[in-house]
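Q: Please take a close look at one part of this structure, namely the place where the two chains meet, and set it within the whole for a reader who is new to it.

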There are 2 protein chains.
Amino acid sequence: MLAAGQALPGDWRSQGVLHLERSPHAKLRSVPVRAVRITEGFWHKRRQVNVERSIPTLLELLEENGIVDNFRRLSGRKQVPRRGPLYTDSDLYKWMEAVAFVLQSEDRPELRAQFDQLTDEILAAQEPSGYLNTYYVEERKALRFQEQQRGHELYCLGHLLQAAIAYWRATGNRRLLDGGIRFVEYLIEIGGHGKQPLLTGHPELELALVELYRTTGDRRHLELAGYLLRGDGERLKLTPRDYVYLFSGKPFVERTKLEGHAVRAMYACSGATDYYMETGDEAYWRTLERLWRDLVSSKMYITGGVGSRAQGEAIGEPYELPNALAYTESCAAIGNMFWNARLLAATGEARFADVMERALYNGVNSGMSLDGTLYCYRNPLELTGNPEDKIRNPWYTTTCCPPNLQRVLASLPGYFYGISSEGLYVHLYDNNVLDWKLQDGMALRLTQKTSYPWEGTVEILVEPAAAHAFTLFLRIPGWARSAEVRVNGQAAAGKPQPGTYFAIRREWRSGDRVRLSFDMTPRLVASNPLVRENTRRVAVERGPLVYAMEGLDQKGLESLFDAALALPSKGFASEHRPEFLGGVTVLRHAGVAAEPPLASLPLYQPLDQAAVRRTRKVDLVLIPYYTFHNRGPTPMQVWIPYEP
Amino acid sequence: MLAAGQALPGDWRSQGVLHLERSPHAKLRSVPVRAVRITEGFWHKRRQVNVERSIPTLLELLEENGIVDNFRRLSGRKQVPRRGPLYTDSDLYKWMEAVAFVLQSEDRPELRAQFDQLTDEILAAQEPSGYLNTYYVEERKALRFQEQQRGHELYCLGHLLQAAIAYWRATGNRRLLDGGIRFVEYLIEIGGHGKQPLLTGHPELELALVELYRTTGDRRHLELAGYLLRGDGERLKLTPRDYVYLFSGKPFVERTKLEGHAVRAMYACSGATDYYMETGDEAYWRTLERLWRDLVSSKMYITGGVGSRAQGEAIGEPYELPNALAYTESCAAIGNMFWNARLLAATGEARFADVMERALYNGVNSGMSLDGTLYCYRNPLELTGNPEDKIRNPWYTTTCCPPNLQRVLASLPGYFYGISSEGLYVHLYDNNVLDWKLQDGMALRLTQKTSYPWEGTVEILVEPAAAHAFTLFLRIPGWARSAEVRVNGQAAAGKPQPGTYFAIRREWRSGDRVRLSFDMTPRLVASNPLVRENTRRVAVERGPLVYAMEGLDQKGLESLFDAALALPSKGFASEHRPEFLGGVTVLRHAGVAAEPPLASLPLYQPLDQAAVRRTRKVDLVLIPYYTFHNRGPTPMQVWIPYEP
């Protein structure tokens with residue numbers, strides 16, 4: 001057991017988003033956020049908006065909506081009623097985690113002061129026992145751990161721990177972390193086998209506890225995660241419906257399919273992957289592999305979004321992937337990214353990096369408006385244009401997504417690279433400078449220069465501290481139809497295979513240059529015919545980006561939905577417009593429009609009278625999906641009909 | 001005002017489901033249920049199951065679940081807690097209305113005794129003021145009329161009135177009716193302009209009050225309906241979301257589209273049509289016409305079902321008609337039938353009869369299992385076959401649909417005919433004998449002999465009491481590709497147009513015979529391409545029936561969803577199987593199956609690699625949609641892919 005004040009076993013400066021240095025079943029170690037400086041380019045812009053607009057405005061809203069006051073009222077600093085749903089503590093913690101990740105990249109004294117101030121507010125509300133929650137107090141105190149299906153007590157603790165760990169890794173300050181550990185100690189004291197049964201209800205504490213174990217080295221923290229993953233739902237009399245919806249309470253290794261609440265499922269899988277990396281339990285790996293295949297073969301949107309149903313915010317049946325009704329909560333795409341980042345760390349397999357990148361650039365990235373002040377809860381793949389559809393909003397009563405998006409952007413440098421015993425893995429491409437070291441301690445600087453995702457060329461300058469033999473694993477994205485790798489101007493030996501890491505083992509010398517080129521020709525992608533809505537429709541992708549059509553960009557169309565892409569394709573015209581939508585590459589393609597408009601045709605008619613004439617030529621304009629609905633309500637679609 | 005005990009102004013024996021004899025803006029009068037004897041045939045079988053299995057078993061369940069005890073506890077006859085959701089009273093009333101309609105057709109002393117006994121139980125729970133509701137009592141008494149958005153107080157009264165009116169029309173016994181009138185008097189006393197604002201919340205009382213007005217002649221009953229239809233939501237501080245969901249509270253004539261809760265919308269439109277028939281208010285008619293076009297052009301399933309979303313049990317956006325996720329509550333299809341029956345009475349226009357028949361034979365008829373003991377709440381157009389999908393159940397906590405289906409079947413004879421000043425309208429076809437009179441008093445007997453809906457020939461024997469000139473309006477269904485009408489063996493003058501009434505004006509003599517023939521060739525129907533899921537799919541119809549495929553009937557298919565109809569069609573083989581599914585005509589068609597199975601293909605792949613090979617020949621079997629899921633869980637679909 002880690003006594004309060006006892007030194008933590010590692011150097012906080014060297015720890016990444018996940019700290020995998022001692023994880024026996026992780027193939028890759030992380031690289032600390034601070035070791036990667038993302039420079040001018042695609043993500044730099046998004047991260048700047050995040051720090052300068054999004055994070056400050058959200059704290060104001062958290063204050064306005066009483067989320068911080070919920071703590072102050074318990075410490076007696078304010079006399080106000082508690083506000084918001086029972087899980088609001090987690091929204092604040094997630095915001096703090098975002099701040100902590102910002103501080104891992106750069107010193108922002110005002111953010112640091114705010115974090116410390118909030119830590120004061122939070123710890124002043126903590127009970128001497130270690131229990132900490134602003135909802136289960138006073139007249140609801142008797143309900144503690146009595147309604148864990150809905151209570152989110154452990155969920156909130158999970159987010160507290162993640163914020164605390166990130167802050168410790170940012171600053172070495174462990175005040176909040178010690179507070180979190182006190183709550184964990186209390187849980188261990190009162191809960192578990194033969195004691196109060198515990199249930200995360202909304203999985204999250206599982207992954208936080210594994211990360212706490214990685215931070216403290218206290219095996220009980222890992223064991224508590226294992227207990228939660230095995231599930232104690234029988235004693236809590238969970239119903240079959242609970243097991244589905246909560247994705248917790250029964251042994252994780254008995255799961256055979258993804259179902260229930262999408263965010264819960266993604267977080268549970270993330271936690272189980274973390275647990276696997278520490279324990280190597282093969283039953284976990286088999287389950288994870290099965291669930292991942294279930295995801296990518298029938299339950300994931302092309303945007304990397306997950307969750308088809310508003311009702312229960314749920315994953316649906318296989319191939320149930322409606323577009324306009326897609327629920328695809330930002331948090332679920334984030335959970336998908338988290339899970340795949342962990343699977344990637346466990347294996348070094350590019351298939352997981354492909355899903356991670358897909359979710360990041362599309363279903364996650366769409367969640368925050370270009371100006372950083374509006375957020376999607378849902379990220380549908382089609383909009384009718386109804387102005388009543390409030391898709392981007394500054395605030396939600398359940399405001400889980402905004403700070404979740406913030407912490408992803410703030411921690412993003414930590415997802416770019418991985419270190420194995422053989423060398424360095426490059427997962428993501430964007431302008432950045434890596435300053436870190438290989439597993440054998442050799443210092444390495446690596447500089448990426450690229451216009452990715454708008455262009456497919458990435459120049460990498462390799463600068464080891466001294467000439468050194470190691471392998472550079474370069475991700476060849478699964479979406480690339482072809483790729484070329486050159487080292488110091490020479491074609492590298494071997495053919496780069498999309499969907500793998502291309503390994504270059506050599507003695508690297510400072511100044512070596514690698515040049516990657518990926519084919520950026522826009523691609524037409526079809527769905528499995530079992531996805532009912534996508535029959536005879538295509539999605540358009542270019543590089544890692546999924547594209548979409550918005551009504552307001554189309555000229556001469558009464559309705560966006562009258563148009564079809566004219567195939568066979570004579571190709572797309574790509575135009576980079578630096579001033580448009582924050583700088584995007586726009587695509588144009590020949591299309592045809594229905595005459596008369598489809599809405600003038602009957603709802604049902606005999607097949608032999610139902611032929612639609614799409615003959616009028618139109619010019620169709622596509623924008624990256626992540627920029628949708630940044631110019632107000634207008635119809636939008638990702639899956640576009642085509643006319644052969 | 002109608003004093004208690006004062007004679008009601010009409011003869012109860014002559015009143016139909018709607019009593020339109022004095023309705024100035026009804027084109028057609030109703031024919032009493034008792035005047036039409038449905039004989040051996042399609043509906044006879046369903047109605048027999050209804051009376052012999054469905055109605056008796058549901059009373060047992062209503063008792064078991066405490067729905068009747070909810071009244072007994074108020075009269076002190078039982079000391080039990082109240083059970084069920086706040087609207088359970090209406091479930092009992094609806095069951096009683098079904099019984100009352102049965103009693104209009106035939107004498108069933110045990111049912112009559114049960115009705116009278118239940119009337120005792122109900123009236124014993126009525127307060128001296130007239131107020132009657134088993135939920136808003138005791139500690140909830142203070143909430144009366146204080147939460148009308150959810151309270152269903154007026155909704156329950158509506159169903160009480162409908163049951164009471166039907167029983168009076170069955171037996172001349174007005175005990176329950178007088179109880180209902182006492183509650184109405186109480187409402188008029190305490191509520192309305194300048195007094196307690198009233199809101200149906202769930203429309204229903206509107207149509208019941210118009211029917212009460214038709215029964216009592218008391219204009220205040222109509223005025224109260226008008227008040228409810230105009231809406232008093234401002235004083236109740238309804239939100240925009242309330243107006244959408246509740247489809248009440250704001251002026252009905254301000255509605256421009258169907259939206260919100262499907263059953264509420266259908267009932268509101270039914271009540272507004274009733275109100276129009278009494279008042280002739282053109283603003284109502286304009287609104288009704290607009291809403292009806294909205295329904296049939298973009299919001300109605302091919303089964304006549306309405307309501308696309310589980311969330312809010314709601315009508316969706318135009319063309320939002322998902323198949324597997326279709327909510328299509330039985331009650332909404334019934335509401336659609338009710339509304340169109342009223343529009344038909346108002347106008348005599350066949351377009352409304354077409355929708356009424358479509359809903360009746362398909363989306364309503366599917367709601368009760370063939371054995372009469374299981375009910376659909378949802379009537380989806382596709383099922384994955386997941387055994388966890390509990391589609392047909394004996395009981396629902398909200399058990400609105402079962403008695404609703406029962407009252408439709410019990411009252412069905414009342415929907416077959418209409419009387420205008422010119423003669424007789426024949427709306428529906430099945431074996432039956434009409435014994436009634438024309439508007440001028442001439443007695444008329446009319447006998448239909450047919451195997452409809454399995455065959456397209458209907459023989460009609462016309463027997464006026466004396467030779468008499470009048471018009472026989474014969475409905476030529478809109479679905480008929482062609483039709484033929486012969487009178488006494490001679491082709492009738494004029495070409496019968498599908499979707500109209502074919503008028504034969506002549507001096508009819510007893511023994512005249514009309515022979516109708518409708519083309520029963522199975523039809524392939526396509527959707528508007530804006531219905532996303534139905535692209536490149538067809539539905540199959542034969543006569544008034546929509547067909548479906550169930551997995552268990554298909555040989556040599558790994559998955560139902562691998563199959564496609566092979567087009568161009570070489571036609572369907574029709575086979576009538578009297579012992580199968582209660583006697584149905586089964587259809588067979590050539591199909592092709594995907595090789596390899598679709599589920600083995602990737603979820604997304606480049607369009608140029610995504611061609612699906614459907615080459616293996618299979619024989620596809622279709623059954624009438626209304627019989628789906630009567631043999632346990634198996635995949636089902638109405639909209640079938642085709643391979644051109």
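A: The account below begins with the overall form of one chain, moves to its domains and one of its strands, and then turns to the meeting of the chains.

The model is a predicted one. Chain A holds 15 helices and 26 strands. Along its principal axes, the C-alpha trace of chain A extends over about 75 × 65 × 45 Å. For 644 residues, a compact globule would have a radius of gyration near 26 Å, and the value of 25 Å for chain A agrees with this. Of the 644 residues in chain A, 58% count as buried. Contacts in chain A also reach across the sequence: among those between residues at least 6 apart, 69% join residues at least 24 apart.

Chain A is divided into three parts. Domain 1 of chain A takes in 12-282 + 299-379 + 391-415, domain 2 covers 419-518, and domain 3 covers 528-643. Between the C-alpha centres of domain 1 and domain 2 of chain A there are 31 Å. Where these two domains touch, 24 residues of domain 1 of chain A are in contact with 21 residues of domain 2 of chain A. On the domain 1 side, β1 (36-38), α1 (42-64) and α14 (350-364) of chain A each supply at least two residues. The largest share of that side, six residues, comes from α14(A). By character, the residues on the domain 1 side that touch domain 2 of chain A are 13 nonpolar, four polar and seven charged.

A strand of chain A with several partners comes next. Strand β22 (residues 584-594) of chain A is mostly covered, with eight of its 11 residues buried. Strand β20 (residues 563-566) of chain A runs antiparallel to β22(A) and is joined to it by three bridges; here A564(A) stands opposite V592(A). Strand β21 (residues 573-577) of chain A also pairs with β22(A) in the antiparallel sense, over five bridges, and R577(A) has V584(A) as its bridge partner. β21(A) and β22(A) form a hairpin with six residues between them, and L581(A) in the turn has a positive phi of about 50°. A further antiparallel pairing, over eight bridges, links β22(A) with strand β24 (residues 614-624) of chain A. In that pairing, A590(A) has D619(A) in β24(A) as its bridge partner.

Chain B offers a covered helix for closer study. In helix α15 (residues 401-411) of chain B, 11 of its 11 residues are buried. Among them are C401(B), L405(B), R407(B) and L409(B). The buried residues of α15(B) pack against α1 (42-64), α3 (88-105), α13 (330-347), α14 (350-364) and β5 (375-376) of chain B.

The relation between the two chains can now be described. Two copies of a chain are related by a rotation about an axis and a shift along it. In this model, a rotation of 180° with 0.0 Å of shift along its axis superposes chain B on chain A, with an RMSD of 0.0 Å. That is the relation of a two-fold axis. In chain B, the C-alpha nearest the axis belongs to E533(B), 2.2 Å from it.

It remains to examine the contact itself. At the interface, 39 residues of chain B are in contact with 39 residues of chain A. On the side of chain B that touches chain A, α12 (282-299), β18 (523-527) and β24 (604-606) of chain B each supply at least two residues. β18(B) gives the most to this side, with five residues. The residues on this side of chain B divide into 23 nonpolar, 10 polar and six charged.

The backbone of the two chains also pairs across the interface. Strand β17 (residues 523-527) of chain A and β24(B) pair in the antiparallel sense over three bridges. Within this pairing, V525(A) stands opposite P606(B) in β24(B).

How do the surfaces used by the two chains correspond? Of the interface residues of chain B, 100% are also interface residues in chain A, so the copies meet through the same surface. This agrees in description with the relation of a two-fold axis given above.

Notes
Residues numbered from 1 in each chain as written. Chains lettered and ligands numbered in written order. Predicted model: local features only at pLDDT ≥ 70, side-chain atom pairs only at ≥ 80, totals over all residues. Contact = placed C-beta atoms within 7 Å. Helix = DSSP H or I, 4+ residues; strand = E, 2+ residues; numbered from the N terminus. Nonpolar A, V, L, I, M, F, W, Y, C, P; charged D, E, K, R; others polar. Pairing = 2+ DSSP bridges. Buried ≥ 20, exposed ≤ 12 C-beta atoms within 10 Å, placed from the backbone. Domains from an automatic or database assignment. Rg over C-alpha atoms; globule rule 2.2 N^0.38 Å. Least-squares fit on C-alpha atoms with pLDDT ≥ 70 in both.
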